[in-house]
Protein chains: 2
Amino acid sequence: MPKFLPPDKELMAQTRAKLAAAPPPPDDQLDPHIEVLVNDIIGRVADRWTMIILEVLAENGEIRFSQLGREVKGISQKMLTQTLRQMERDGLLIRTVHPVIPPRVEYKLTDLGLSLGAAFCGVWMWAEDNHETILRARQKFDAALNKD
Amino acid sequence: MPKFLPPDKELMAQTRAKLAAAPPPPDDQLDPHIEVLVNDIIGRVADRWTMIILEVLAENGEIRFSQLGREVKGISQKMLTQTLRQMERDGLLIRTVHPVIPPRVEYKLTDLGLSLGAAFCGVWMWAEDNHETILRARQKFDAALNKD
DNA sequence: ATTCATACTTACCAAAAAGAGAGTGTCAAA
DNA sequence: TTTGACACTCTCTTTTTGGTAAGTATGAAT
């Protein structure tokens with residue numbers, strides 16, 4: 001799934017090992033104002049369309065609106081525009097309008113956008129690695145419910 | 001923000017470097033069925049409450065329902081129950097009911113839950129590292145809008 | 001002359017998510 | 001005796017979200 005980043009199992013294993021060995025977290029108390037802000041960013045950034053668009057953009061480099069619409073299947077024009085605007089506002093991508101007819105608008109990721117892709121890649125890999133486990137857990141859970 | 005994992009800048013830098021140097025991704029085409037499934041998991045798993053609960057759980061180890069409610073501020077009882085059930089169903093945590101009065105129910109993460117925490121940690125760090133950049137981008141964007 | 005493509009915006013409407021608040025059963029403390 | 005804690009569930013209402021469909025401007029192709 002993380003098409004823009006080949007799964008690097010070795011690095012992941014390394015990461016996990018390091019994380020497992022990590023000392024107990026220093027109980028950081030930080031400005032609740034910032035905490036709210038970061039929560040907000042997570043909420044906005046970690047949604048379905050944003051992540052998928054990010055991926056397509058990372059794969060294709062610069063790409064036009066309707067091409068994006070074709071690649072991100074299932075998305076409506078409205079959601080595409082809306083998500084793109086949000087991402088532009090957050091500085092994840094740049095939108096270039098070529099004043100020609102018919103209109104030509106191109107989108108490409110900024111460094112910030114690319115770095116988010118890299119950060120989120122871990123979650124894609126996790127989902128890929130664990131979707132079977134999750135499916136089994138769900139089946140077990142549902143079966144247990146029906147046994148009453 | 002990723003309280004359960006101390007930011008490991010060194011490792012992150014290493015990761016980024018490695019990712020930057022990575023060869024172009026092999027254009028993987030995988031079963032669209034699985035793709036949908038993984039998308040679904042991402043959508044469900046990467047939501048606000050799930051991530052915050054995950055964090056609190058990782059911080060506190062085993063913890064009771066209403067204690068959780070106090071730690072995760074702003075959440076309603078309904079959302080707390082609902083999210084916890086989903087997470088249990090997905091195998092992210094285990095729920096232990098002690099049949100005493102008053103009731104005592106404890107929640108703790110499974111290994112799967114912990115691994116998701118580790119995977120998502122990169123996104124928290126990204127958000128922490130970049131929230132100022134994002135704020136500035138937004139201000140710039142909004143200012144540009146008002147200039148017309 | 002009509003249609004198509006582009007990149008949208010706007011209006012309307014249905015569905016889903018989420019908040020608020022009351023109810024439940026039991027015991028212990030005030 | 002009333003109150004409160006616990007861990008919920010249930011219902012009602014509000015808010016948010018997202019889809020559909022139409023409209024817009026322009027020139028080129030049929």
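A residue is counted as near a DNA strand if one of its heavy atoms lies within 4 Å of that strand. The model is predicted. In this model, 16 residues surround DNA strand D. The closest are A:Lys78, B:Ser66, B:Gln77, B:Arg95 and B:Tyr107. Sugar and phosphate make up 65% of the strand D atoms that come within 4 Å of the protein.

Both protein chains A and B contribute secondary-structure elements to this surface. From chain A, helix H5 (77–89) supplies at least two residues. From chain B, helix H4 (65–71), helix H5 (77–89) and strand S3 each supply at least two. Strand S3 of chain B spans 104–109. By class, the surface near DNA strand D holds six nonpolar, four polar and six charged residues.

Several side chains of chain B approach the phosphates of strand D. An N or O atom in the side chain of B:Ser66 is 2.5 Å from a phosphate oxygen of the strand. For B:Tyr107, a polar side-chain atom lies 2.6 Å from a phosphate oxygen of DNA strand D. The side chain of B:Arg85 places an N or O atom 2.9 Å from a phosphate oxygen of strand D.

B:Val100 lies in the loop between strand S2 (93–98) and strand S3 (104–109) of chain B. Its relative accessible area is 43%. B:Val100 is therefore classed as partly exposed, because the value falls between the 20% limit for buried and the 50% limit for exposed residues. B:Val100 and B:Leu57 are separated by 43 residues in sequence. Their C-alpha atoms are 23 Å apart in space.

Conventions. Residues numbered from 1 in each chain as written. Chains lettered and ligands numbered in written order. Predicted model: local features only at pLDDT ≥ 70, side-chain atom pairs only at ≥ 80, totals over all residues. Heavy atoms only, no water. Helix = DSSP H or I, 4+ residues; strand = E, 2+ residues; numbered from the N terminus. Buried < 20%, exposed > 50% of the residue type's maximum accessible area, 1.4 Å probe, protein only. Polar contact = N/O pair within 3.5 Å; in protein donor to acceptor, adjacent residues only side chain to side chain. Nonpolar A, V, L, I, M, F, W, Y, C, P; charged D, E, K, R; others polar.
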